[in-house]
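Biologist: I should like a close look at a single part of this structure, namely the open sheet and what surrounds it. Please describe how its strands are arranged and what packs against them.

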Amino acid sequence: MIKSSFSHDELPFLVLAKTLADASNEELRLSCSSILSTMSTPKVDIHVSIGSGQTLFGYYVQYKCTLTCPLTCRSWSITKRFSEMLAFRNSLEKLQSSTPLLEEVITLPFPKKHLDAEKPHIIAARIKGFEVFLRHLVALYAHCLLPTTDSPLNLSEMLQEFLDVPNDIQNIKFEAAPSVCEKECTICLDSFDHDQVHEPGTILKLACGHFFHRECLHDWFTQAMTCPMCRGPITHLTAIYEA
Ligand SMILES: [Zn+2]
Ligand SMILES: [Zn+2]
C-alpha cells in the first residue's frame with residue numbers, strides 16, 4: 001500500500017526553503033537598527049507552511065512569524081502571506097514623509113514579487129527578508145511605546161494592527177519606581193539591582209502589583225498568562241525605570 005507521502009507542512013520544497021534560509025542566516029544577524037541600540041534586539045522566528053485558498057495553484061505559501069517584544073520579552077505569533085507583507089510595506093512608504101522614524105525600514109531590501117513563488121530559493125529569500133523587516137517593525141513599535149518617543153499616532157496604530165500586538169503590550173505603562181531595588185523577583189528570588197532599572201522593561205510590574213524580571217516572566221508566560229504569585233489576570237504590563 002502506498003503511504004500518503006507528506007503532510008502539508010513537510011512538503012519537500014518548504015523543508016528545502018527553510019534549510020536554505022537557515023544556512024544564510026549569519027549576515028542577517030549583522031543588520032541592526034539604530035532604534036535598537038537602546039533595547040535588546042527583537043527575536044523573530046519564521047516557519048513556512050501552506051494555506052489553502054483561491055489561487056492559481058489552489059494553495060498559497062504562508063509565513064508564521066513568532067515575534068518577541070524587546071521591551072517585555074513577550075512572544076506571540078502572526079501568520080502572513082507575501083502579499084500582506086508587501087501591502088504593509090507600501091503603506092509605510094506612503095507614510096514615510098511624515099516621520100523620519102520610517103527611513104530605515106523603507107530602505108531595507110524587500111523580497112521581490114515572483115510568479116512562481118513556491119520555489120525553495122524564493123521562499124528562503126522571503127524568510128530572510130521578512131525576518132529583518134519584522135525585526136525592525138517590532139523594534140519600531142516598541143520605540144513608539146516609550147513615553148519619550150514623539151511618533152505620529154497613526155504609525156503606532158498601523159504597526160499594532162499589522163503585528164497583532166497582544167493587549168497587555170498595547171496597554172503597557174511606564175512607572176518610575178525608586179524603591180524597586182529593595183524588592184526581589186519571586187521567580188528567581190534574586191533582588192533587583194540598579195543596572196536593571198536603567199532600561200525600562202527589564203523589570204515588569206503586573207496589574208496585581210507584583211514585580212518580576214521580564215526574562216523570568218517570559219518562560220512563565222509560555223505556560224500561563226496570569227501572575228505567578230497570585231494568579232491575577234494580566235490586563236497590562238508596567239515597565240519599571242529609575243526616576
Ligand atoms: Zn527573576
Ligand atoms: Zn500578582
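Modeller: The following account begins with the chain as a whole, turns to the sheet, and ends with a cysteine and the nonpolar core.

The model is a predicted one. Its chain contains eight helices and seven strands, and 30% of the 243 residues count as buried. Among contacts with a separation of 6 or more, 65% are between residues 24 or more positions apart.

The sheet in question is open and built from four strands, in the order 4-7-5-6, with mixed pairing. Strand 4 and strand 6 (211–213) are the edge strands, each pairing on one side only. On average, neighbouring strands of this sheet are turned by 35° against each other, direction ignored. Helix 8 (residues 214–221) packs on the sheet, where it touches strand 5 and strand 6; the direction of helix 8 makes about 90° with that of strand 6.

The mixed character of the sheet can be followed through strand 7. Strand 7 (residues 237–241) pairs with strand 4 in the parallel sense, over four bridges, whereas strand 5 and strand 7 run antiparallel and are joined by three bridges. A239 of strand 7 is the bridge partner of F174 and also the bridge partner of L204. A further bridge links L206 with L237 of strand 7. As a general point, side chains in a regular strand alternate between the two faces of the sheet.

The loop between strand 4 (173–176) and strand 5 (203–206) holds C188. Is this residue, C188, buried or exposed? C188 has 11 C-beta neighbours inside 10 Å, and therefore counts as exposed, since the limit for an exposed residue is 12 or fewer. Residues up to four places away in sequence aside, C188 touches H213 and C216. H213 lies within the bounds of strand 6 (211–213), and C216 within those of helix 8 (residues 214–221). A separation of 10.0 Å lies between the C-alpha atoms of C188 and L217, which are 29 residues apart along the chain.

Beyond the sheet, the largest nonpolar core comprises 52 residues, of which L137, V138 and Y141 touch the most other members. Helix 5 (residues 120–145) gives the most to this core, contributing 16 residues. At least three residues of the core come from each of domain 1 (8–162) and domain 2 (171–241). Apart from neighbours within four places in sequence, L137 is in contact with V105, L159 and L163.

Definitions and conventions: Residues numbered from 1 in each chain as written. Chains lettered and ligands numbered in written order. Predicted model: local features only at pLDDT ≥ 70, side-chain atom pairs only at ≥ 80, totals over all residues. Helix = DSSP H or I, 4+ residues; strand = E, 2+ residues; numbered from the N terminus. Buried ≥ 20, exposed ≤ 12 C-beta atoms within 10 Å, placed from the backbone. Contact = placed C-beta atoms within 7 Å. Core = buried A, V, L, I, M, F, W, Y, C linked by C-beta atoms within 7 Å. Domains from an automatic or database assignment. Pairing = 2+ DSSP bridges. Axes fitted to C-alpha atoms, helices over the stretch in contact; angles between N-to-C directions.
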